[in-house]
Structures are given as C-alpha cells and as structure tokens.
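User: Hi, I'm new to this one and would like to go through it with you. Could you take a look with me?
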Amino acid sequence: MMETPALPVPEARSVIPAGLRGIFPVLVALVLLALFQWLVSESPFAVYLLSVMGVNIILAVSLNIVNGMTGQFSIGHAGFMAVGAYISGVLSLNLKEVALSFLPVAASDQVLFTVALLVGGLAAAACGFLVGLPSLRLRGDYLAIVTLGFGEIIRVVVQNTNAFGRALGLSGIPQYSSPYMVYFWVFLVVLVARRIAGSSHGRSLWAIREDEVAAEAMGVDTTGYKVRSFVISSFFAGIAGGLFAHFVPIINPGSFTFVKSMEIVVMVVLGGLGSTTGAIVAAILLTLLPEGMRSLFNALGTEGSLAQKVDQIRMPIYGLLLVVLMLSRPQGLFGVRELWDVLPRWIPRKRRGLS
Amino acid sequence: MSAAVSVTGGAQAPLLQADGVSIQFGGLKALTDFSLTIRQGDLLGLIGPNGAGKSTAFNVLTGVYQPTRGDVHVGGQRVNGLKPHQINHLGLARTFQNIRLFRALTALDNVKVACRAQGALHPHVLGVGAKMKNALGNYRDWWRALLLTPGFQAEERELTRQAEHLLEVMGLSHRRDEEARNLPYGEQRRLEIARALGTKPKVLLLDEPAAGMNTREKADLMVLIRKLRDDFQLGVLVIEHDMKLVMGICEHITVLDHGETIARGAPAQVRSDRKVIEAYLGDSYLESHGGAA
C-alpha cells in the first residue's frame, strides 16, 4: 500500500536547502510512485481497486478541509466531483485525436490528460466559489442545505444535457489514468492539507471551527477563509472526478448521487473530523469494505446472490457503522489528531499543537 | 482617514470615539445616545446593573452590531458598517464575558491566530484598490505556505516568538503547549487577554475580566491591567461588576442603566451619584437611608 512520505517538520534541522524544502517531498514522491506503478501495473484488478481507493482518499481528504478543519458542513462533494468528471471527460473525448507533435504519443496523452484534469478541477473550484460565497457569509447550517441542493442540481443538469450523454452517461473517454497519476494527486492533496494545517491559514480555519465569533473579533476574515477553504476543497473534488472519469469505462449521473456524497462524509466522520490521516485511513477502509464483503460472501457460498448485492447492502452497513461509532467513539477514529499522534509512545513524534 | 476627526487637536487624537450611538432591537432600545472617547493611556470603566447594555455597547464598538444611530470612529476612521475583523485591524481588540477561546488549540496557537490575522491585512480596509491588493497578497500568502518558502518559515518563527512573548507577559509560558480548554479558569481569562494583545491593538476592551476570579487573582489582575496599559501604550475600557476593582483602577467611569448613560466621571463622583445608587440599590434603599451616602 502506498504511504505518503512524512512531511518535513518545520523545526527539524535538515540537510535540504531551505529553498528546496518546499518541493522536496514532491521529488521523493515522484520516484516512489514510479516504483509503485511498476509493482502494481501487472494486475488490472489491483490497478482498478487502487485507483478507486486513491480517488476516495482525495475526496475524503479534501472534504476534511471544509468539514473537519473549518467546521463547516458540506454534503454535496459528489456534485463537485461530477463537475470535474464531466468537464475533463468531455474535454478528453474531444481531444482524443489530438496529439502534441513534439512529444511521444504516450507523453502527449498525459499532458492533455493533465490539462483536462486541471480544467475540470478549476471548473469545480469555480462552482465552489459560486456556491460558497453566498452560503458561507452566514453562520450555521446553510452550507449543508445549499451543497445538498447543488449536488442534485448538477446531477439533474447532467441528466438533461446532450453533451454530457444524458442519463446514459459518457463512454469512450480515453483511459489515460494510472495509479501513478492518481496517487500523485493523492500525495498532492495530502501535502496541501497538511501544509495548510501547519500554517497561519490552517490556524485561522481551526479558529473558525472552534469559535467563529471570537475568530472574527481576533481579526480573522472568517468569510474569506471559509470561502477559500471551500474553493480548495472543491478543486480537489473536481480533480478526483477527473481521475475517476479516466479509468472507469463509463460515467453516468448515477455515480455522483447523494449516496456518494454521504459516503465521503462518512469517511471524514469515521476518520475523525479534522484529521487528515484519519480521512485517509477511513477512505481505505471503506473502499476495501465492499470488496472484503464480496470475498466473504463468496467464501461462505451464500447462494451467490449476496455477493452481487454488496453495493446495495453497503449503505445500511455504513449507517450501522456510524451509529456504532457515534456511541463508542463520537470523535471518530483519530479525533482531530493525526496518525503519528496516536502511535505508541516509543516512536518519536511531533510536539503538540498545529504547527 | 477622515480629516474631520484627525484635527481634534489637543494632546492626543482619540483612538476610539463613539458619538451618540443608539441601537434598537425591534421595540427594545438596548442603547441610547451612548458617547465615549478613549485616548492612549486612558483606563476607563463601564458599569451598570445586569442588562444595562454594557455588553451591547461593546458589541456596537467592535462591529458585531450595527448602530441604529450615531457614529463610531476607530483611529480616526468611521467604522459603521465594517465587519468585526476589519475594525480589529484598525486597532481594537476585545475579550469576552463568557470566555471564547479556541478550545482545542494550544495556548500558543490561540495567540498565534491573533498575531497572524493582524499581519495579513493592512488597516486600509476601504477602497477597491486596497481590497484588490489584499486579495492578491492573500493568494501569495497561500502559495508561500504551500511551498514552505524560506520567507514563510521565517514568518512562522517570528509569529511564534511574538506569541511566546505575550504568553510570558501574561504569565502563561508554562502552559504554552496545553490545550486552552484544559487551563484553569483564571488562566483562560489571562489567555484571552494575551490573544487580544496578539492583534496589536491600540484600544483594548475587557468584558468582565475578573468574573469568577478570587480576591487574590483580582488584585493581581488590577496590577496587570495597569501594567499592560503602560507597556503596550493602550487605551483600556473595562466592563466590570466588581466595584472595588473598577473604583480601584479606573480613572473615569461611565454608568449605564437601561441603555442610557446615567452618570460619568471620576470614581468618587460616580460613587456618590444619586442616580447610580438608585440604579444599583433601588429606590427603597434611598428612602430608608435618606439620600446619597
């Protein structure tokens, strides 16, 4: 399994020049990811499962920036994912025959893919801005209602637009995606989330989560910070959608329903609102859970039918999981802490606090 | 800067000025014709019975409520209609009656939030050009944080240094990495003051800073507030229920009752004011004791 490299601790005396510290983890990741790609590329099933897992991690970690760190409640993440998926999907479909002449075909495809991803992400970010600006000026649950509505609007719009294939969905999007690409973005979103958490922006977000009135009185532009965190979160949801669109055979409105949004919310709550590593762990668990159930039912030999219905019985199980979680551990697996805070004592850790 | 206010002349321009401020919630007049001027070095008291409108006055001054009538100026700039964080950037910081710390954050991070918010924006909150500049600066800040540039790291160190200094001033150094919610009550109150100071204010508004403290802590607090005023060159406005504390440290007191200013002046003068005694002790007291003491 892919583990994101540890981020540099600001206080650490390191041999890396100060100017390079910022991008050093990225360079390390590029090398590690190549190795990772080489290891898994043999098995199509592993590639598919890992890609789904990666997309879920991106979704959970990005939603955690809004729901966890900033304390706002967004329940329309699948809507932003849909925007990214459809925009980048349509773009790739139309650019299928185009190749950049100065590059080898594979490289040209990846460049176009990256461009399509970014356009999808930016479109989702723009939607995030439009949705966030009016609803985040207010305090309270407005964001939940508005994002819920937004998710449904996107779904209905897609369902009724010819360019997006209506209810049938888009098929034939070139399969540009690879675990390398997916996990590069996983790495990026985790890096961004952690760097934000460790900076004054992160502290402002935490302050808003803790007490909005006090944050405002202490000079934090609460509306501005809320909107910005929401835009960043939407951007990565769009990227996740774009990645998704380029490795599944077909995207249709059914992939981006309210159920998908809730699945992401469950991941964030399960991992602990505010914990990036918690979101990662929960995303991994909840991606593997249906697969585990499938193998379990197959092994038990239950008529063969149960194994096929895993997708349907998944949601009740999520619900049950949440109920058990709320009763036994309401703060989620990790609470607001990170994986390294809950490790056994003998492992060296960062000092307490956010930065 | 509005020229009308900055030419007040005299020794010092007022840092905070409220002129005939009234606020009405529906039919309820929460505050009527409230005026107040704070200059550097002032230590003013705002007292009154429960529900007299003291906290409302604070909320109007800090921008939480908009005045129905009247003007508030901070540092010479009219702040009606500005948001609390913008008013804070102009040099006005406050504490809360019911402690409102960022409970899950460490003491240090609580103060760092305040230190930072101040550095990010310039006090010129009005004007389109300044707004654009702010927005651009803000996006540059995000990138600097994401790329961990040397400048960003230096800034973080500077913020930590400032916050540590403020914790030290407030005698909270030993609580640096403790979560705010785990601090004892008195220390939480002090942390709120440290956090307010983090925004580098010119005027500090303290809403019942001594509430829930014992006599000893109150005495220490009195000394501390004076010291802060002198060391940080502040103007201070204190809401307080504890008469001894208010009379002990404030040089000028404003008394509110039912939203109206019923008396103002030096402590001794206010203490013997008939209206004040009436408001605090009731008419029956005056009848049985035959007028002001």
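User: To start with one residue, is His258(B) buried, exposed or partly exposed?
Analyst: This is a predicted model, and in it His258(B) has 15 other C-beta atoms within 10 Å. Because a residue counts as buried at 20 or more such neighbours and as exposed at 12 or fewer, His258(B) is partly exposed.

User: Where does His258(B) sit in the chain?
Analyst: His258(B) is found in the loop between β9 (252–257) and β10 (260–265) of chain B. Its phi is positive, about 50°, although His258(B) is not a glycine. Most residues other than glycine have a negative phi.

User: Which residue of chain A, other than glycine, has a positive phi too?
Analyst: Arg166(A) has one, with a phi near 45°. Arg166(A) lies in the loop between α6 (142–159) and β1 (170–171) of chain A, and with 14 C-beta neighbours inside 10 Å it counts as partly exposed.

User: OK, and chain A overall: how many helices and strands are there?
Analyst: Chain A has 14 helices and two strands, and 50% of its 355 residues are buried. Of the contacts in chain A between residues at least 6 apart in sequence, 80% join residues at least 24 apart.

User: Why would you call α4(A) largely enclosed?
Analyst: Helix α4(A) is largely enclosed by the rest of the structure because 16 of its 18 residues are buried. This helix covers residues 77–94 and reaches 26 Å from its first C-alpha to its last, which is close to the 26 Å expected at 1.5 Å a residue.

User: Switching topic, how many residues does each chain bring to the contact between A and B?
Analyst: Chain B brings 35 residues and chain A brings 33. On the side of chain B that touches chain A, α3 (84–89), α4 (107–120), α5 (128–147) and α6 (150–169) of chain B each supply at least two residues, and α4(B) gives the most, with eight.

User: What's the mix by class on that side of chain B?
Analyst: The side of chain B that touches chain A has 16 nonpolar, nine polar and ten charged residues.

User: Last thing, which strands does β1(B) pair with?
Analyst: Strand β1(B), residues 16–25, pairs with β2(B), residues 28–38, in the antiparallel sense over seven bridges, and Leu16(B) stands opposite Ile38(B) there. These two strands form a hairpin with two residues between them, and Gly26(B) in the turn has a positive phi of about 60°. β1(B) also pairs with β4(B), residues 69–74, in the antiparallel sense over five bridges, where the bridge partner of Gln17(B) is His73(B).

Technical notes: Residues are numbered from 1 along each chain as its sequence is written. Chains are lettered from A and ligands numbered from 1 in the order in which they are written. This is a predicted model: local features need pLDDT of at least 70, side-chain atom pairs count only at pLDDT 80 or more; totals for chains, interfaces and linings use all residues. Helices (H or I, at least four residues) and strands (E, at least two) are DSSP runs, numbered from the N terminus. Two residues are in contact if their C-beta atoms, placed from the backbone, lie within 7 Å. The expected span of a helix is 1.5 Å times one less than its number of residues. Ala, Val, Leu, Ile, Met, Phe, Trp, Tyr, Cys and Pro count as nonpolar, Asp, Glu, Lys and Arg as charged, and the others, Gly among them, as polar. Two strands pair if DSSP finds at least two bridges between them.
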